[in-house]
Amino acid sequence: MSIGFWHIIVVFVGIGILVGSGYLGIYIFNQNPKLKKFLSKKNVIILSLIYVVTVSFITGENAAYGIGALLTPYIISIINSIFRNNFKFKKTFDKKFYPFFIGVLTLSFVSTTLSAIF
């Protein structure tokens, strides 16, 4: 099995959709100052735990599946933050990290829910 041109295109489109949803999250939080005050480290942790439990229940899998589903948005957010800050690791968790993470987490929740339903 070889990797063809269209496989590479599909991978890049998928990465573009994930990164685009993250930047959509940043845009939404910048446009709504009322949402910004709810965006704290504590609230993001609570949302992540709710995400793990909800994904586990919706898909019918165990909690490890929910944790694995959480790792993808988290790793994508860290990689984006490192590239955005020109490889300065001390600035990884800046003010744009959490809105980006929430945007990617929302897209992941929607896609996981749709795949469990259909």
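Me: On a 1 Å grid over the protein atoms alone, a pocket is an open set of points where a 1.4 Å probe fits, with protein on both sides within 12 Å along at least five of seven lines. How much space lies in the second largest pocket?

Reply: About 170 Å³ of space lies in it, where a volume is the space filled by probe spheres set on points joined across faces, edges and corners. Do keep in mind that this is a predicted model: local features need pLDDT of at least 70 and side-chain atom pairs need 80 or more, while totals for chains, interfaces and linings use all residues. Side-chain values use heavy atoms, without hydrogens or water, and residues are numbered from 1 along each chain.

Me: Thanks! Before more pockets, how many helices and strands does the protein chain have?

Reply: The protein chain has 5 helices and 0 strands, counted as DSSP runs (helices H or I, at least four residues; strands E, at least two) and numbered from the N terminus. Read along the sequence, the pattern is α-α-α-α-α. Its C-alpha atoms fill a box of roughly 45 × 35 × 25 Å, taken along the principal axes.

Me: Back to pockets. Which residues line the second largest one?

Reply: Its lining residues (an atom within 4 Å of a point) are Leu 47, Ile 50, Tyr 51, Thr 54, Ile 102, Leu 105, Thr 106 and Phe 109. Helices α3 and α5 each supply at least two residues of that lining.

Me: And what is the lining like by class?

Reply: The second largest pocket has 6 nonpolar, 2 polar and no charged residues in its lining. Nonpolar here covers Ala, Val, Leu, Ile, Met, Phe, Trp, Tyr, Cys and Pro, charged covers Asp, Glu, Lys and Arg, and the others, Gly among them, are polar.

Me: OK, what about the largest pocket: how much space, and which residues line it?

Reply: The largest pocket holds about 200 Å³. Around it sit Lys 41, Val 44, Ile 45, Ser 48, Leu 70, Tyr 74, Phe 93, Phe 97, Tyr 98 and Phe 101. That lining splits into 8 nonpolar, 1 polar and 1 charged residues.

Me: Which helix gives the largest share of that lining?

Reply: Helix α3 does, with 4 residues. At least two residues each come from α3 (41-59), α4 (63-84) and α5 (97-117).

Me: New topic: how do α3 and α4 cross?

Reply: The axes of α3 and α4 come within 8 Å and cross at roughly 125 degrees; axes are lines fitted to C-alpha atoms over the stretch in contact, and angles run from 0 to 180 degrees between N-to-C directions. So α3 and α4 are oblique to each other, oblique being whatever is left after under 35 degrees, over 145 and 65 to 115 are set aside.

Me: Which residues touch there?

Reply: Contact means heavy atoms within 4.5 Å. Ser 48, Tyr 51, Val 52, Val 55, Ser 56 and Thr 59 of α3 meet Ala 63, Tyr 65, Gly 66, Ile 67, Ala 69 and Leu 70 of α4. This contact has 8 nonpolar, 4 polar and no charged residues.

Me: How does α4 pack with α5?

Reply: Those two pack at about 145 degrees, with axes 9 Å apart. On the α4 side the contact includes Leu 70, Pro 73 and Tyr 74, and on the α5 side Phe 97, Phe 100 and Phe 101 are among the residues. By class, the contact of α4 with α5 has 10 nonpolar, 4 polar and 1 charged.

Me: Last one: at what angle do α1 and α5 pack?

Reply: Helix α1 (residues 5-31) packs with α5 at about 125 degrees, their axes 7 Å apart. That makes α1 oblique to α5. The contact includes Ile 17, Gly 22 and Phe 29 of α1, and Pro 99, Gly 103 and Leu 107 of α5. Its residues are 11 nonpolar, 4 polar and no charged.
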